[in-house]
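Here's a quick briefing to read alongside the model. Have the sequence and the 3D view open as you go.

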Amino acid sequence: MAIAIALAMAIAVSLYVLATLAAHSNSISVGLCQGYSAILLPQLQDKASKLVISEQDASWIAALGVISNPLGALLSGLLVEVMGRRGAIQVTAVPYVVGWVCLALARQFTLLCVGRFISGLAVGMATASYVYVAEVAPASHRGPLSACGPVLVSLGVLIVYTLGFFAAWHIVAALCTIFALFSLVAVSLVPETPPWLASRGRTAEARTALVWLRRSPAAADKELAEIMDSMAQAQKESEAGVGRCSFVQPTIWKPFLLLLAFFFFQEGSGIYVVLYYAVSLFQEVGTEMNEYVASIWVACMRLVMSVLGALAIQRLNRTTLACMSGLGMFVAMLAAGFYEHLFSSVPPSSRPLPWVPLACFLVHVCVSMLGYLQLPWIMTGELFPLRARGAMGGLVSSLGHLLIFTSVKTYPDLRNAIGMDGVLWGFSALSLCGAVFGKLLLPETNGRTLREIEMSFAGQGQLGPAGPDKVTDEEAAVPPAPAPASAAGGRRNSRGEAVAVPVDTNDDSILDIVKARDAITLGRQR
């Protein structure tokens with residue numbers, strides 16, 4: 001009997017875990033795209049290369065993989081509302097495949113740029129996976145499941161660095177199409193998110209999806225009732241005139257500004273500069289190890305630390321992780337800057353202690369994976385309310401990608417203007433500022449339901465550290481609502497308190513909620 005119960009629990013857990021992994025599978029392609037320029041540029045700049053490029057050409061090749069990210073994120077924000085969260089993830093496979101094919105066939109600079117631009121579009125669209133995971137994962141596991149995205153991104157970076165060590169850049173591009181096709185198939189096997197289905201009036205499908213994910217009709221009914229109540233509350237606000245200008249509401253502008261600041265400190269810390277220019281960085285600062293091998297070591301450490309970060313996000317508060325991550329990057333870049341300042345006049349091959357810059361970059365990558373690289377992307381799917389989650393998540397992600405483009409494109413010019421030591425010290429200073437921001441201003445969402453997070457921004461709760469008395473999505477009681485008519489006066493417990501009745505989607509007792517839902521749908525169509 002105990003074995004049967006354990007097996008049933010394992011199946012129940014594994015289904016929503018598998019759904020989140022399927023949604024995050026396109027994160028492998030994100031890592032492939034982000035790491036590709038690191039193996040592409042050194043091969044193109046090699047004297048034996050048939051395609052000759054200048055330093056400015058190289059910066060454009062790297063930056064074009066990022067410049068289209070904001071457009072992709074905005075497009076994703078539209079698609080997740082129109083096509084659903086799952087549909088938006090499926091569509092992402094198209095620009096991935098087209099971009100990789102262009103790169104594989106490129107024999108001139110123009111087609112290289114086109115391929116980088118199109119694949120960068122897909123990277124921006126991939127942010128839809130975080131919205132999907134936030135809506136299907138229980139609050140108790142939402143953090144580590146959302147953190148699986150950065151883990152798979154790190155896996156993609158490691159794969160492309162390793163392939164670049166053994167194969168030519170155009171062969172690597174051809175192999176990368178396989179991962180995009182795999183993601184398309186995987187996402188097709190999981191259901192759409194219940195909140196999106198319910199918001200479109202497809203209540204029966206929402207309940208079916210919840211039963212598939214939770215493997216418990218009772219838990220599914222509870223969660224569906226909570227979703228319907230949230231929608232009814234949003235409708236009341238709209239009728240009262242609150243929703244006429246959504247951005248002025250604190251549930252919108254507060255998380256927007258917080259996430260924008262979070263992304264600013266993320267890019268200012270140099271995380272993506274190290275990622276996009278890994279091989280070139282090691283060539284410039286010098287290391288006793290082959291620069292390709294050094295970049296593979298960095299990718300390995302990134303993968304290991306992303307796994308540890310996914311585990312840590314379950315145990316530690318978001319604010320603690322952000323502060324620790326920022327302080328670690330501050331120390332690493334400060335030390336790297338001093339090393340470069342002391343030995344900038346010495347050729348890289350003749351510098352003493354050649355292991356120091358490699359160690360500094362490894363520390364920087366490791367601590368960034370514990371907080372600052374993954375948390376902004378995870379929280380885009382957590383902080384916004386349901387009615388604006390797709391659009392605002394897409395908008396803030398697009399601005400985050402725009403900041404990534406700015407950092408990647410301006411890095412070569414900034415290095416020439418203030419020197420490598422100045423750049424590294426700049427990364428260090430902004431990392432320290434990011435640590436202070438994480439400690440003082442970042443909201444805590446660990447263990448909170450999405451409804452609780454929304455209410456906190458509306459001034460109806462505080463996002464402090466989650467305690468043991470916090471409930472998960474499955475355990476959460478249904479928010480106060482009128483008792484169903486079929487309950488004959490309502491069901492009460494032994495203390496005389498009203499107890500919510502599980503939702504039966506075929507029962508007329510939820511007509512009031514369904515009417516509110518239909519009003520929401522009609523309002524959106526208008």
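Start with Trp425: this is a predicted model, and at 28% relative accessibility tryptophan 425 counts as partly exposed, because the partly exposed class runs between 20% and 50%. Its ring partner, phenylalanine 338, comes out at 44% and is also classed as partly exposed.

**Aromatic pairs**

- Phe338 and Trp425 sit edge-to-face, with 5.3 Å from centre to centre and 70 degrees between the planes.
- Phe338 belongs to helix H19 (residues 318-343) and Trp425 to helix H22, so this pair ties together parts that lie 87 residues apart in sequence.
- The aromatic pairs come to nine by count.
- Another of them joins Phe262 and Phe437: the centres are 5.8 Å apart and the planes are at 50 degrees, so this pair is tilted.
- That link also spans distant parts of the chain, with Phe262 in helix H15 (residues 250-268) and Phe437 in helix H22 (residues 389-440), 175 residues apart.
- Phe262 and Phe437 are both buried.
- Follow the ring pairs around and you get a cluster of Phe262, Phe264, Phe265, Tyr372 and Phe437.

**Charges over rings**

- Arg214 lies over the face of Tyr16, 5.7 Å from the ring centre.
- Lys409 does likewise with Trp60, at 4.7 Å from the ring centre.

**A mostly covered helix**

- Helix H9 (residues 139-146) has six of its eight residues buried.
- Those buried residues are Ala139, Arg142, Gly143, Pro144, Leu145 and Ser146.

**Largest cavity**

- Searching the whole structure turns up four cavities of 30 Å³ or more, and the largest has a volume of about 290 Å³.
- Its lining takes in 17 residues, and Pro195, Glu226, Ile227, Leu450 and Arg451 are the ones nearest the centre.
- Helices H8 (128-136), H12 (194-199), H14 (217-239) and H23 (450-457) each give two or more residues to the lining of the largest cavity.
- H14 has the largest share of that lining, at four residues.
- Sorted by class, the lining of the largest cavity has eight nonpolar, two polar and seven charged residues.

**Second largest cavity**

- The second largest cavity holds about 170 Å³ of space.
- It is lined by 16 residues, with Val30, Gln34, Tyr130, Val153 and Trp377 closest to its centre.
- H2 (26-45), H8 and H10 (148-166) each supply at least two lining residues here, and H2 gives the most, with four.
- The class split for the second largest cavity is nine nonpolar, six polar and one charged.

Methods:
Residues are numbered from 1 along each chain as its sequence is written. This is a predicted model: local features need pLDDT of at least 70, side-chain atom pairs count only at pLDDT 80 or more; totals for chains, interfaces and linings use all residues. Side-chain values use heavy atoms; hydrogens and water are left out. Rings of Phe, Tyr and Trp (its six-membered ring) pair if their centres lie within 6.5 Å; planes under 30 degrees apart count as stacked, over 60 as edge-to-face and the rest as tilted. Buried means under 20% relative accessible area, exposed over 50%, partly exposed in between (1.4 Å probe, protein chains only). A charge sits over a ring if NZ of Lys or CZ of Arg is within 6 Å of the ring centre and within 35 degrees of the ring normal. On a 1 Å grid over the protein atoms alone, a cavity is a set of points where a 1.4 Å probe fits but cannot get out, and a pocket is an open set with protein on both sides within 12 Å along at least five of seven lines; lining residues have an atom within 4 Å of a point. Grid points are joined across faces, edges and corners, and a volume is the space filled by probe spheres set on the points. Ala, Val, Leu, Ile, Met, Phe, Trp, Tyr, Cys and Pro count as nonpolar, Asp, Glu, Lys and Arg as charged, and the others, Gly among them, as polar.
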